[in-house]
Every structure is written in C-alpha cells, then in structure tokens.
Amino acid sequence: MVVVAIARTSLVDDAYITLSYARNLAFDGHWGLVPTATANTATSVLYVWVLAGFTAITRQPVLAMGIVYVLSALAVEYGLRRVARRTGLPAWFALLAATLIVVNPLLISSIGLETALGAGLIALLLASAVEDRPVVFGLLGGLLVLARPDLAIVALVVFLVCHNWRRRWWWAPVAAIGITFPWYLWSWFALGSAVPITFFIKTENSTWSGFGNVYGFHNGLDLYFRVFPTATSLSVLPAVLGVLAALIWVVLRVFRPTDRVRQLDRVAPLALAGVLHYVAYSFLGVAPYHWYYGPSIICTTMFLAAAVAAAATPAQRSTVALRPRSGPLAVVVLLAVACLGYYGSRELPSRFAPIQTNWAAPEQYAQIGSTVRAIAGDRVVASTGEVGAQAYFCDCAMADLFSNPAAVAGLLPSVMAKSGPIRRKLLDVNFHHFDWAPPGMKPELVLQFLKTPPANAIAVWIVDSPWTPGPGPGPNYIALVPTP
C-alpha cells in the first residue's frame with residue numbers, strides 16, 4: 001500500500017483512461033471513456049469491471065485502483081507460495097518474486113494499468129497448473145485473456161508445457177471459452193467489434209521518433225535507456241538475469257538433471273512465455289509503450305526468483321552446502337535494495353513515474369481538466385491527444401480517438417485497406433455489426449499542445465515533462481482555443 005500511496009501522484013496518462021471507464025461503469029452503468037459517448041477502447045475488460053466493482057463500494061476510483069493493486073500483489077505471493085509447496089521450492093521464493101515485481105521501476109510506472117492484475121493472475125494460473133486443476137486453470141486462463149488479450153500467450157505456453165492432466169486436459173479450454181465467450185459475443189453485437197478498438201489504434205501508430213532514430217517495440221528499450229537510464233537498467237536487469245538463468249537451467253536439465261534442477265520443470269514455462277511475449281510484440285509492430293514490456297519482465301522475474309531459490313537450497317542441510325549457492329540470492333537481494341535506493345534518491349511523492357512518456361505532469365492535466373470543465377460546460381472539447389487525465393478530471397464531452405466513435409469509424413477503413421485477403425476477411429467478420437455512421441462529437445473548443453500560446457487562446461497552461469523525445473525541451477504550453 002505504501003507503493004500505491006507514493007505512485008498515486010504520478011500515474012501515467014493511460015491509467016486515467018481505465019479509471020474513467022471504471023467510474024462511468026460504476027456510477028452510470030455506461031461503457032465509455034466519457035459520459036456522453038459509448039466506446040470500445042478499454043483494452044482490459046476484466047480490469048475495468050474489477051475497478052468498477054470497488055469504485056461502486058468506495059466511490060473513489062483511485063482508492064479502488066490502490067485496493068486492486070494490493071490484492072494483485074498478494075495474489076502473486078499466494079499463487080507462487082502454492083507453486084513452492086507442490087514443487088519443493090522454499091516458500092520464501094514467492095515473497096522474493098513478489099518483492100522484485102513490486103519494486104521494479106517499470107512495473108511501478110504501470111500502476112493504474114492492468115499490469116499488476118495480470119501478474120497476480122499469472123501466479124494463480126501457474127499454481128493451478130502445478131496442482132493439476134484443469135477447470136481452475138481454464139477459468140484463470142480466460143480471465144487472463146480478459147485482463148489483456150496478449151496474455152493468451154502466457155496461458156497457452158503454460159498449458160502446453162506445464163500441464164499433466166492426461167485425459168482431463170480438455171476441461172481447461174472449455175472453461176476458458178466459457179468465461180470469455182459471453183463478453184466477446186456481447187462486444188461483437190453491442191460495441192461493433194469483438195476486438196477492442198485500441199488494438200487497431202495502437203498498431204496504426206507503431207513507431208516513435210527521437211534521437212535521430214525510429215523506435216518500435218523491438219528497439220524501444222534503447223529509447224528508454226537514453227531518457228531514463230537508471231530506471232530502465234533496474235527494470236530490465238531482472239528479466240535479463242531471468243533469461244540467463246533459464247538458459248543455464250536448460251543446459252543443466254539436459255546434462256545434469258539433479259533433483260534441484262528438476263524442481264524448476266514446472267516453473268520454467270514462465271521464462272519461455274516471457275521471451276515469446278517479447279518476440280510476438282516485436283513482430284506485431286507496435287509502439288514501445290513501457291507497460292507492453294511488463295508481461296515479459298513479470299514472467300522472467302518469477303522464474304529468476306524460483307531459480308535463485310532452487311540454487312540457494314542445499315542438497316544437505318548444512319552451512320557448507322548452503323554457502324556456495326548464496327551468491328545468486330545475494331545478487332537478487334542487492335538488486336531489490338538498489339531499486340529501493342533509487343526511489344529514495346527521488347523526490348517523494350514524485351510528480352512523474354520513473355518511466356513515462358507523457359507531455360505534462362498528472363497534476364497539470366488535473367488542473368487543465370478541471371478548468372476546461374468550468375469553461376466548456378456542455379460543449380464538446382477536442383483533446384491534445386493525451387486524453388486520459390484530461391478526460392478524467394474534466395468528466396465532460398472530450399473528443400478523441402479513444403472516446404469518439406465517429407473518429408474510430410474514420411480510422412478503420414485505412415486499416416482494412418492495408419490488410420491482406422485473410423486478415424481482411426477476419427476484419428469483415430469482426431466489424432459485421434459495427435456502426436459505420438455513428439453520431440459524432442463535434443468539438444467547439446480545442447486543446448492544443450504548443451511551443452507558443454496563440455493570441456486567441458481562452459486559457460493557457462505551462463506544462464513540463466522529462467520526456468524529452470516528445471515535444472522537445474520546454475517551456476511548452478497547452479492552450480484552449482475555439483475550433484477553427
């Protein structure tokens with residue numbers, strides 16, 4: 001809870017998109033980013049529903065977010081402790097993995113998004129696999145897909161490599177389909193697309209420019225190393241060590257399969273899932289949003305903790321047997337301490353997440369949103385392009401690709417035109433019930449991000465951000481102007 005209390009002042013902009021969806025669902029039973037328009041731009045259906053449930057109880061979306069985060073972290077520890085019990089690993093491996101995940105700068109920068117919920121579900125999924133519970137596995141696998149569709153990669157890898165259910169295996173996919181099908185069917189009919197529209201928005205904007213280079217997911221970490229070198233290094237190091245530990249495990253499993261090595265047999269699929277998730281996103285061709293790296297870091301970090309625990313467990317309980325195997329544990333503990341030291345060196349609570357790509361601080365967007373609401377009233381306002389916090393604090397009719405159905409209808413034809421025959425056929429089926437002529441949101445006011453405020457500005461705010469590859473060094477302004 002301490003982590004959430006510190007991070008709540010520096011949530012990234014996309015977190016407020018989910019918070020807006022949850023608030024609208026909890027208070028008005030409405031599925032959309034803004035109160036005035038229905039949308040299908042929530043990537044994590046499950047996270048929105050869970051947040052909405054806690055928001056309906058607490059009446060405070062940010063508090064609900066903190067509760068879900070804490071429960072997700074507890075789920076990581078609980079699920080991995082069950083894994084330890086069945087595999088013979090020491091129980092403290094679960095606490096080690098949960099700690100490494102909680103203090104990871106990139107994952108802290110993803111608080112407010114569905115990343116933590118995904119981590120908790122992954123731990124519980126692995127526990128159900130090692131406990132040979134196919135129905136529970138299928139239900140958790142389905143929830144994982146509803147949390148983020150790309151996490152199907154993790155569920156599939158664990159299913160194919162880890163299960164030992166013999167003739168009962170088919171219960172897992174049946175349960176997964178049973179829990180996911182109702183939502184996707186409803187979304188197909190009611191929202192016009194079984195697939196969240198964010199998939200098409202993100203894949204259409206697949207690269208960023210900065211430092212004289214073009215960055216996609218495959219090389220995006222290099223961009224973060226340039227802008228946030230310490231935070232990025234501390235974030236990626238557990239994943240690198242996890243992959244290295246997995247390679248060592250493969251060699252030992254082939255040439256020296258001792259009991260200690262075999263303890264990792266049913267945890268090793270996580271390392272493979274983490275690598276495959278990274279490869280899949282590299283081929284998908286999306287922009288390097290930092291939370292996209294979260295699942296790979298989570299999976300490989302969990303395996304790293306398990307490998308360290310296995311190495312630190314003596315074959316015979318004696319200090320002589322334990323001492324030479326304590327090195328990996330010491331390295332990982334020092335890594336966690338280094339992360340804590342990094343946070344201690346920052347001003348707390350911080351205005352910005354350790355890794356973020358927004359053009360203004362959350363409190364600046366909060367001020368802008370609140371002021372725009374007072375000025376605009378019932379008029380539609382076009383966002384600057386970073387719509388999350390502005391829309392959340394304005395709670396008004398703010399037009400953006402994530403909120404305006406007409407803007408989405410204008411984007412999709414180009415997506416379909418660039419598709420091959422098979423993909424085009426799939427898209428035709430997916431958009432069979434899509435409304436291609438929805439009522440539009442016609443802005444009367446526009447928020448603009450500028451280096452120099454215009455003369456006709458109704459209101460102007462100075463904004464700043466450490467994200468230098470974006471708009472460039474300040475001062476920068478956001479101005480509210482009449483629609484041209």
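**Reading the evidence in a predicted model**

This chain has 22 helices and seven strands. The model is a predicted one, so let's ask how each description of it is justified.

Q: What makes the radius of gyration of the chain agree with that of a compact globule?
A: For 484 residues, a compact globule would come out near 23 Å, and the chain itself has 23 Å, so the two agree. Along the principal axes, the C-alpha atoms occupy a box of roughly 80 × 50 × 45 Å. Burial can be added to the picture: 55% of the 484 residues count as buried. Among contacts with a separation of 6 or more, 73% join residues 24 or more positions apart. As for the outside, the accessible surface is about 20500 Å², and carbon and sulfur atoms contribute 66% of that.

Q: How do you know that Cys394 and Cys396 form a disulfide?
A: Their sulfur atoms are 1.9 Å apart, and the cut-off for a disulfide is within 2.5 Å, so the pair qualifies. The structure holds one disulfide. The angle about the S-S bond is 105°, and the link of Cys394 and Cys396 is right-handed.

Q: Why are Cys394 and Cys396 called buried?
A: Buried means under 20% relative accessible area. Cys394 has 0% and Cys396 has 6%, so both names fit the term.

Q: Why is Cys299 called buried, and what is its distance to the sulfur of Cys339?
A: Cys299 has a relative accessible area of 1%, which is under 20%, so it is buried. Its sulfur is the nearest cysteine sulfur to that of Cys339, yet it is 18 Å away, and Cys339 is in no disulfide. A disulfide needs sulfur atoms within 2.5 Å, so 18 Å rules this pair out. Cys339 counts as buried too, with 2% relative accessibility.

Q: How do you know that the span of helix α10 agrees with what its residues should give?
A: Helix α10 covers residues 171-191, and at 1.5 Å a residue its 21 residues should span 30 Å. The end C-alpha atoms are 30 Å apart, so the span agrees. There is still a kink to look at: about 35° at Thr180, shortly before the proline Pro182.

Q: Which residues of α10 are buried, and what do they pack against?
A: The buried ones are Ala172, Ala175, Thr180, Trp183, Ser187 and Leu191. They pack against α3 (45-58), α8 (134-147) and α9 (152-162). Following α10 comes Gly192, with a positive phi near 85°.

Q: Why is Asn430 called buried, and which residues does it contact?
A: Asn430 has a relative accessible area of 9%, and since the limit is under 20%, it is buried. This residue lies in helix α22 (residues 421-430). Apart from neighbours within four places in sequence, Asn430 is in contact with Trp188, Gly192, Ser193, Ala194, Val195 and Phe200.

Q: What makes α7 largely enclosed by the rest of the structure?
A: 16 of the 16 residues of α7 are buried, so the helix is largely enclosed. From first C-alpha to last, α7 reaches 23 Å, close to the 22 Å expected at 1.5 Å a residue. Asp132, which follows α7, has a positive phi near 55°.

Q: Why does Ile111 count as buried?
A: The relative accessibility of Ile111 is 3%, under the 20% limit, so it counts as buried. Ile111 sits in the loop between α6 (105-108) and α7 (115-130). Beyond neighbours within four places in sequence, its contacts are Val3, Ala7, Leu11, Ala15, Met65 and Tyr69. Val308 is 197 residues from Ile111 in sequence and 26 Å from it in space, C-alpha to C-alpha.

Q: How do you know that Arg82 counts as buried?
A: Arg82 shows 10% relative accessibility, and under 20% means buried, so the term applies. Its place is in helix α4 (residues 61-87). Not counting residues up to four places away in sequence, Arg82 touches Leu124, Ala127, Ser128, Glu131 and Arg133. Val380, by C-alpha positions, is 51 Å from Arg82 in space and 298 residues from it in sequence.

Notes. Residues are numbered from 1 along each chain as its sequence is written. This is a predicted model: local features need pLDDT of at least 70, side-chain atom pairs count only at pLDDT 80 or more; totals for chains, interfaces and linings use all residues. Side-chain values use heavy atoms; hydrogens and water are left out. Helices (H or I, at least four residues) and strands (E, at least two) are DSSP runs, numbered from the N terminus. The expected span of a helix is 1.5 Å times one less than its number of residues. The bend at a residue is the angle between axes fitted to the seven residues ending there and the seven starting there. Buried means under 20% relative accessible area, exposed over 50%, partly exposed in between (1.4 Å probe, protein chains only). Contact means heavy atoms within 4.5 Å. The radius of gyration is taken over C-alpha atoms; the globule rule is 2.2 Å times the number of residues to the power 0.38. Accessible areas come from the Shrake-Rupley method with a 1.4 Å probe; for residues, only the protein chains shown count as cover.
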